[in-house]
Amino acid sequence: MAQQRKVGNLLALAVLSVLAQRPMHPYEIATTLRAWGKDQDMEIKWGSFYTVVRNMDRHGLIAAVQSVREGRRPERTVYRLTDAGRAELVDWARELVSTPGPEQSRFRAGLSVLAALHPDEAVTLLRQRLALLEDGVRAGRAALAEHLRTVPRLFLVESDYDLTVKEAEAAWIRALLAELTSGSYPGLAEWRAFHESGGGGTDAREGGDATQ
């Protein structure tokens with residue numbers, strides 16, 4: 001079960017991971033996060049960045065060590081990771097790696113209202129998605145192989161995971177398409193008749209999600 005954290009925004013986790021390297025001022029932290037591609041690994045709302053940093057300081061996860069001024073730029077506060085912040089980083093990583101949690105996707109939302117589409121259109125759109133997925137996976141695997149020539153696999157493990165998830169999604173779509181195009185998908189005839197008789201609505205099921 002996910003813990004209630006003093007600063008629960010995942011942006012805080014990203015900041016902790018950067019400061020585990022060395023003390024930095026907020027602008028340098030943000031620059032490093034972008035360079036590391038952390039906004040691709042987790043949802044980061046840059047508009048709340050400074051608020052998150054202040055909250056982390058208030059809760060003792062980071063601490064100011066000095067203020068620096070570069071030329072005519074405003075004075076910047078340099079922060080370091082505290083012992084409490086390092087413990088939070090490790091504990092948070094343990095939770096995220098060990099405990100599954102809800103990870104909603106736009107695709108799942110679309111599937112939940114698939115009945116709004118005629119079966120033939122659903123097949124066309126799924127084929128379109130599959131083609132894009134396959135192209136993306138091919139490009140991603142090639143890029144990953146190139147990066148692995150100079151970067152240890154440990155620091156690319158999230159990219160490998162992402163590609164593997166996409167490959168699993170592609171395999172699932174292929175199986176669904178096989179059922180839809182062969183006519184073996186349960187309820188396909190009723191789904192088709194519903195649309196061809198002028199039916200409407202986003203969900204033909206009573207009670208919503210069939211898994212409930």
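**Exercise 1. Sort two aromatic residues**

Task: At 44% relative accessibility, is Y50 buried, exposed or partly exposed? Then do the same for F49 at 2%.

Solution:
- Step 1: grab the cut-offs. Buried means under 20% relative accessible area, exposed means over 50%, and partly exposed is in between (1.4 Å probe, protein chains only).
- Step 2: Y50, at 44%, counts as partly exposed.
- Step 3: F49, at 2%, counts as buried.

Before you go on: this is a predicted model, where local features need pLDDT of at least 70, side-chain atom pairs count only at pLDDT 80 or more, and totals for chains, interfaces and linings use all residues. Residues are numbered from 1 along each chain as its sequence is written, and side-chain values use heavy atoms, with hydrogens and water left out.

**Exercise 2. Hunt for ring pairs**

Task: How many aromatic pairs does a search of the whole structure find? What kind of pair do F49 and Y50 form?

Solution:
- Step 1: know the rule. Rings of Phe, Tyr and Trp (its six-membered ring) pair if their centres lie within 6.5 Å; planes under 30 degrees apart are stacked, over 60 edge-to-face, and the rest tilted.
- Step 2: the search of the whole structure turns up 3 aromatic pairs.
- Step 3: F49 and Y50 are 5.2 Å apart, centre to centre, with 85° between the planes, so they are edge-to-face.
- Step 4: F107 and W172 also make an edge-to-face pair, at 6.3 Å centre to centre and 85° between the planes.
- Step 5: F107 sits in helix α6 and W172 in helix α8, so this pair ties together parts that are 65 residues apart in sequence. (Helices are DSSP runs of H or I, at least four residues; strands are runs of E, at least two; both are numbered from the N terminus.)
- Step 6: F107 is buried at 15%, while W172 is partly exposed at 42%.
- Step 7: ring pairs also link W46, F49 and Y50 into a cluster.

**Exercise 3. Find charges over rings**

Task: Which ring does the charged end of R34 sit over? Which one does R129 take?

Solution:
- Step 1: the test is that NZ of Lys or CZ of Arg is within 6 Å of the ring centre and within 35 degrees of the ring normal.
- Step 2: R34 has its charged end over the ring of W46, 4.0 Å from the centre.
- Step 3: R129 does this with the ring of F107, at 3.8 Å from the centre.

**Exercise 4. Check a helix with a ruler**

Task: What span should the 29 residues of helix α7 have at 1.5 Å a residue?

Solution:
- Step 1: the expected span is 1.5 Å times one less than the number of residues.
- Step 2: for α7 (residues 119–147) that gives 42 Å, and its end C-alpha atoms are 41 Å apart, which agrees.
- Step 3: try α8 too. Its 26 residues should span 38 Å, and its ends are 38 Å apart, which agrees.
- Step 4: look at what is hidden. The buried residues of α7 include L126, L130, L133 and V137.
- Step 5: an α-helix has 3.6 residues a turn, so residues three or four places apart point the same way.
- Step 6: the cover over the buried residues of α7 includes α6 (106–112), α8 (157–182) and α9 (188–196).
- Step 7: the buried residues of α8 pack against α6, α7 and α9.

**Exercise 5. How do α1 and α4 cross?**

Task: Which residues of α1 and α4 meet, and at what angle do the axes cross?

Solution:
- Step 1: axes are lines fitted to C-alpha atoms, for helices over the stretch in contact, with angles from 0 to 180 degrees between N-to-C directions.
- Step 2: the axes of α1 (residues 10–19) and α4 (residues 49–58) come within 10 Å and cross at roughly 70°.
- Step 3: under 35 degrees is roughly parallel, over 145 roughly antiparallel, 65 to 115 roughly perpendicular, and the rest oblique. So α1 and α4 are roughly perpendicular.
- Step 4: L11, A12, V15 and L16 in α1 meet F49, V52 and M56 in α4. (Contact means heavy atoms within 4.5 Å.)

**Exercise 6. Trace the neighbours of L188**

Task: What does L188 touch, not counting residues up to four places away in sequence?

Solution:
- Step 1: L188 belongs to helix α9 and, at 8%, counts as buried.
- Step 2: with those sequence neighbours left out, L188 touches P119, L180 and G183.
- Step 3: L188 and P119 are 69 residues apart along the chain, yet their C-alpha atoms are separated by 7.6 Å.
- Step 4: G183 follows α8 and has a positive phi, near 85°.
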